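Trainee: I have a model open and would like to go through it with you. Can we start with the strands?

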Amino acid sequence: MMLFRSSAALCGALVTLAVSVAVARGETRGVHSSAAVDAASGHAVVGAASMYNPFKPGKEEGGPSTASGERYDPSVWAAAIKTSLRSKFGGVQFGERPKYALVEAVGKKVIVKINDVGPLRPGRIIDFNERTMRHFDPSLDLGVIEDVKVSPLSGDDWTPGPVG
């Protein structure tokens with residue numbers, strides 16, 4: 001009987017801990033969400049977004065190294081900003097820390113690491129890597145997403161990923 005009580009108490013403690021961690025994560029994510037919206041400068045850019053992956057056959061742009069010097073990684077939350085917007089997004093220079101932006105489209109928000117620049121096609125302001133594009137277009141059927149709002153975030157202490 002004593003073993004049963006100890007096991008039940010231990011189980012209850014573990015459930016309480018798990019719920020506390022889940023609540024804390026949710027609260028942190030909520031704070032991060034409002035912090036990102038507050039930190040987004042009023043200098044947002046609106047335009048179209050597309051996807052790039054220099055490792056896919058037939059792709060003419062980019063290469064395995066990004067403008068910041070990082071290797072292109074399709075599994076992280078990252079993007080390339082249009083070259084003419086480089087200064088607006090903190091420079092994005094080789095060997096420097098990547099910059100961050102809040103991206104809003106199709107009712108979703110995500111913080112992305114801006115670690116590359118590119119000439120991009122007319123009307124496009126940002127090229128997402130594969131993971132980021134799949135967040136906005138899970139099937140990758142759209143090809144181009146219109147009316148994307150991209151706001152530079154000040155500082156470099158951001159965790160890329162979905163917001164809100």
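Mentor: Yes. Take β5 to begin with: five of its five residues are buried, so the strand is mostly covered. Keep in mind that this is a predicted model.

Trainee: Which strands pair with β5, and in what sense?

Mentor: β1 runs parallel to β5, joined by four bridges. β2 runs antiparallel to β5, with three bridges between them.

Trainee: Which residues face each other there?

Mentor: From β1, A49 has I126 of β5 as its bridge partner, and S50 stands opposite D127. On the β2 side, A79 is the bridge partner of F128 in β5.

Trainee: And β1, is that strand enclosed or open?

Mentor: Largely enclosed by the rest of the structure, because six of the seven residues of β1 are buried. β1 also pairs with β6, in the antiparallel sense and over four bridges. One pair to look at is V46, whose bridge partner in β6 is K149.

Trainee: Switching to the interior. Which residues of the largest nonpolar core touch the most other members?

Mentor: V103, I114, I126, F128, V148 and V150, out of 25 residues in that core. Two or more residues come from each of β1 (45–51), β2 (78–82), β3 (99–105), β4 (108–118), β5 (124–128), α2 (130–136) and β6 (145–153).

Trainee: Which element gives the most?

Mentor: β4, with four residues.

Trainee: What is V103 in contact with, leaving aside its neighbours within four places in sequence?

Mentor: The contacts of V103 are K108, K109, V110, V112, I126, F128, F136, V148, K149 and V150. There is also another core lying apart from the largest one, and this other core has six residues, L102, L153, W158 and V163 among them.

Trainee: I keep seeing Y100. Where does that residue sit?

Mentor: Y100 is in strand β3. Its relative accessibility is 10%, so Y100 counts as buried.

Trainee: What does Y100 contact, skipping neighbours within four places in sequence?

Mentor: The list is I111, V112, K113, I114, S151, P152, L153, G155, D156, W158 and P160. For G155, the C-alpha to C-alpha distance from Y100 is 7.9 Å, with the two positions 55 residues apart in sequence.

Trainee: New topic. How many salt bridges does the structure hold?

Mentor: Two. One is between the side chains of K113 and E70, at 3.4 Å from N to O. K113 is in strand β4 and E70 in the loop between β1 and β2, so this pair ties together parts that are 43 residues apart in sequence.

Trainee: Are K113 and E70 buried or exposed?

Mentor: K113 is buried, because its relative accessible area is 15% and the cut-off is under 20%. E70 has a relative accessibility of 26%, so E70 counts as partly exposed.

Trainee: And the other salt bridge?

Mentor: That one joins the side chains of E130 and R134, at 3.3 Å from N to O. Both residues are in helix α2, four residues apart, so about one helical turn separates E130 from R134.

Trainee: How accessible are E130 and R134?

Mentor: E130 counts as buried at 16% relative accessibility. R134 counts as partly exposed at 37%.

Trainee: Last thing, aromatics. How many pairs turn up in a search of the whole structure?

Mentor: Two. In the pair of Y52 and Y72, the ring centres are 5.1 Å apart and the planes are at 65°, so the pair is edge-to-face.

Trainee: Where are Y52 and Y72 in the chain?

Mentor: Y52 and Y72 each lie in the loop between β1 and β2, so their pair ties together parts that are 20 residues apart in sequence. Y52 is buried, with a relative accessible area of 4%, and Y72 is buried too, at 5%.

Trainee: And the other aromatic pair, how are its rings arranged?

Mentor: That pair is F128 and F136, with ring centres 5.3 Å apart and planes at 20°, so the pair is stacked. The relative accessible area of F128 is 0%, so F128 is buried. F136 counts as buried at 4% relative accessibility.

Trainee: Have we met F128 before?

Mentor: Yes. F128 is the β5 bridge partner of A79, and F128 is also among the residues that touch the most other members of the largest nonpolar core.

Methods:
Residues numbered from 1 in each chain as written. Predicted model: local features only at pLDDT ≥ 70, side-chain atom pairs only at ≥ 80, totals over all residues. Heavy atoms only, no water. Core = buried A, V, L, I, M, F, W, Y, C linked by side-chain atoms within 4.5 Å. Buried < 20%, exposed > 50% of the residue type's maximum accessible area, 1.4 Å probe, protein only. Contact = heavy atoms within 4.5 Å. Salt bridge = Lys/Arg side-chain N within 4 Å of Asp/Glu carboxyl O. Pairing = 2+ DSSP bridges. Phe/Tyr/Trp six-rings, centres within 6.5 Å; stacked < 30°, edge-to-face > 60°.
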